[in-house]
There are 2 protein chains.
Amino acid sequence: MQTFSYEQLHRFTYGMLVKIGCPEVDAKIGTDVLLSADLRGVDSHGVARLSGYVRLWEKGRINAKPNVHVSYETPSTAVVDGDSGLGLVVAPFAMKVAIEKAKNVGTGWVSVKNSNHYGIAGYHSMMALEHDMIGISLTNASPLVAPTFSRERLLGTNPISVAIPAKNQPPFVADMATTTAANGKLEILQRKGLDTPTGWVQDKDGSPTTSANGVKDGGALLPLGGDREHGSHKGYALGAIVDIFSAVLSGANYGPWVPPFVAFLDPLPNLVGEGIGHFFGAMRVDAFRPADEFKSHMDNWIERFRSAETTPGNEKVLIPGDPERELEAIRMKEGIPLLDPVVKDLTELGERFGVKF
Amino acid sequence: MQTFSYEQLHRFTYGMLVKIGCPEVDAKIGTDVLLSADLRGVDSHGVARLSGYVRLWEKGRINAKPNVHVSYETPSTAVVDGDSGLGLVVAPFAMKVAIEKAKNVGTGWVSVKNSNHYGIAGYHSMMALEHDMIGISLTNASPLVAPTFSRERLLGTNPISVAIPAKNQPPFVADMATTTAANGKLEILQRKGLDTPTGWVQDKDGSPTTSANGVKDGGALLPLGGDREHGSHKGYALGAIVDIFSAVLSGANYGPWVPPFVAFLDPLPNLVGEGIGHFFGAMRVDAFRPADEFKSHMDNWIERFRSAETTPGNEKVLIPGDPERELEAIRMKEGIPLLDPVVKDLTELGERFGVKF
């Protein structure tokens, strides 16, 4: 494990994105999005993925100079065509479209096709906050998750992020996979040689397992809830809604057809759409009531929940977004720790492209 | 257990609602909504609740002749003031406003204050289907649920319903509490003297319990996920989002201030808003792509998921809405079974008001 400053990692990532041909403005925003994951502790979606994006670009599956554009629209909706661009760049473009529409008619809703992995869901939803809007960010992803009663992997970890502004309190920011646990947590347990709790994984035959290698060995992640008795049909429905809003509305690939994020696996033949899909929403809070009134009540909501009496052994009730915000402050000051294999991978990447890590 | 035809129960419920002073058109829609729960198997939200509504009306907490109206709006949003009306009547009014806005600008989003319990969430979201729109229906409810690490009940079971039209396939209709299990399931286990699975309930000290009386005895329902290790912070975040969209946007009561549905408990002093809150959305699918194209892809999505290989011991993968639709067909034909205490309660209610059960 080595620690790097935010500036070091930002300079390197920006340099790499320019090197593969991204316009400077795209390299800047793409780097901001990618590193936001490292700062907020979603390490699996941060700079550790940079070489994955580069390999997809080398395969011709990511377009470094895309013509990202609105391909269809109404006053409150749009479809954005990502032109195979980096999701890290396509997503902020689409979220801006949603925000502009909200300025005009109260809300904006944008479904995106022909994109790639968009990094951390919460970056995009949080773009709405400075405009006194509620932001929503959803994306589908490569199939790793088995619906309730399914042996097959048909859904991605399909996250939901919702960011809501407050007044004196920091904002409410939910950002969660619709599975019991994200794939990154399995990787941590694998490295430590530990088992998973129940309800996280099934094996290749579709039986419950606590092996942290369960997904690697042909099994699947389980929807939030874990099994039918604990509500997995609800996690499955949530993941399905994310898939449909992101891809069936836009014309992207859905379900098992979502192209794999890794360059060594080819997309399925006979695709049903273009690239992967996202969905964004922006709602002006003053399209419902005066913004100041809304934000004061959010403060009251947050203060009441944060001061609730706790269960034995726990110090306080958290507000969604609290842990990530606290970690961001620490990592901005003390640096971002990277695992040795990630450092090696980035060093090699830098050498190969002549960008100093 | 006795079985009654849909027509019998409809006639009685309609008669009762007219008796307490509802205009005929309101009594008709209110009855349709209430009985939709019985048909679809959400028995705890159906005719079994009729006497609860009547008692709230007797206490002056439900207004049988409300002036339900839009109190604020933009092209894509509105706030509806329910004027303390039956949620069964206020909710369809608000959903119609959302649908009209979607016709004009692509989508419509309506937050509701000053309402009461709105019955089954799925009735309202499904109103969008015949217009080739996606329907969304959320509501907050009396506090029975403890957020992760909280000993206190701060949220309701706050359901999420999303209805999505298909072409030749029946629609996708998710309708779920954001808890591991709904309160109605606890009541079934109580009657049978059985324990709950893990992850459903905590006791009054905030410790996990499998007692089906846990909530009755001062404990709480748990958010979807059950505990932190199994993702309860996600269920908590979902329930919180439903609460904020339904009540902080509209000016209704939120969190622990949501008034109890039962007449024998008074609302808290110093309320933070008016009544309970709901939130509705309608999105025209052709605000994103041609409706026929969208619906054909939905058919493909549904067929692929329904034909997936299954886990051991399970016959097929279900699409959200399948079980409720199948039960609705059966109950429409064979009648609706009611438990003896419910029959007794309704008989007494009818006698008291001179409406034949």
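This report covers the chain A and chain B interface, the symmetry of the pair, and the domains of chain A in a predicted model.

## The interface between the chains

Chain A brings 90 residues into contact with 91 residues of chain B. Together the two chains bury about 7400 Å². Carbon and sulfur atoms account for 67% of that area. Three residues, A:F149, A:K234 and A:F288, supply 11% of what chain A buries against chain B. No other three residues supply more.

Which helix of chain A gives the most residues to the side that touches chain B? Helix α7 does, spanning residues 232–248 and contributing twelve residues. By class, this side of chain A holds 50 nonpolar residues. Another 26 are polar, and 14 are charged.

## Polar links across the interface

How many salt bridges run between chain A and chain B? The count is four. In one salt bridge, the side chain of A:E152 meets that of B:R304, with N and O 2.7 Å apart. Polar contacts across the chain A and chain B interface come to 36 residue pairs, with both residues at pLDDT 80 or more.

## Symmetry

Chain A superposes on chain B after a rotation of 180°. The shift along the axis is 0.0 Å, and the RMSD is 0.0 Å. This is therefore the relation of a two-fold axis. Which residue of chain A comes closest to that rotation axis? A:G225 does, with its C-alpha at 2.5 Å.

The interface residues fit this picture. Of those in chain A, 100% are also interface residues in chain B, so the copies meet through the same surface.

## Domains of chain A

The domain assignment divides chain A into domain 1, domain 2 and domain 3. Domain 1 takes in 1–64 and 335–357. Domain 2 is made of 66–180 and 224–320. Domain 3 covers 182–221.

## Where domain 2 meets domain 3

In chain A, the C-alpha centres of domain 2 and domain 3 lie 25 Å apart. Ten residues of domain 2 are in contact with 13 residues of domain 3. The area buried between these two domains of chain A is about 860 Å². Carbon and sulfur atoms give 52% of it. A:L144, A:R151 and A:R153 supply 50% of the area that domain 2 buries against domain 3, more than any other three residues.

What does the polar side of this domain interface hold? Seven residue pairs are in polar contact across domain 2 and domain 3 of chain A, both residues in each pair being at pLDDT 80 or more. Salt bridges between these domains number zero. The side of domain 2 that touches domain 3 has three nonpolar, five polar and two charged residues.

## Salt bridges over the whole model

Over all chains, the count comes to 36 salt bridges. One salt bridge joins A:D132 to A:K295, whose closest N and O atoms are 3.0 Å apart. The pair links distant parts of the chain, with the two positions 163 residues apart in numbering. A:D132 sits in the loop between α5 (121–126) and β5 (133–139) of chain A. A:K295 belongs to helix α8 of chain A, residues 291–306.

Methods
Residues are numbered from 1 along each chain as its sequence is written. Chains are lettered from A and ligands numbered from 1 in the order in which they are written. This is a predicted model: local features need pLDDT of at least 70, side-chain atom pairs count only at pLDDT 80 or more; totals for chains, interfaces and linings use all residues. Side-chain values use heavy atoms; hydrogens and water are left out. Contact means heavy atoms within 4.5 Å. Buried area is the accessible area (1.4 Å probe) that two parts lose on being put together, summed over both. A polar contact is a pair of N or O atoms within 3.5 Å; within protein, one must be able to donate a hydrogen and the other to accept it, and residues adjacent in sequence count only if both atoms are side-chain atoms. Helices (H or I, at least four residues) and strands (E, at least two) are DSSP runs, numbered from the N terminus. Ala, Val, Leu, Ile, Met, Phe, Trp, Tyr, Cys and Pro count as nonpolar, Asp, Glu, Lys and Arg as charged, and the others, Gly among them, as polar. Copies are superposed by least squares on the C-alpha atoms of residues with pLDDT of at least 70 in both. Domain bounds come from an automatic or database domain assignment.
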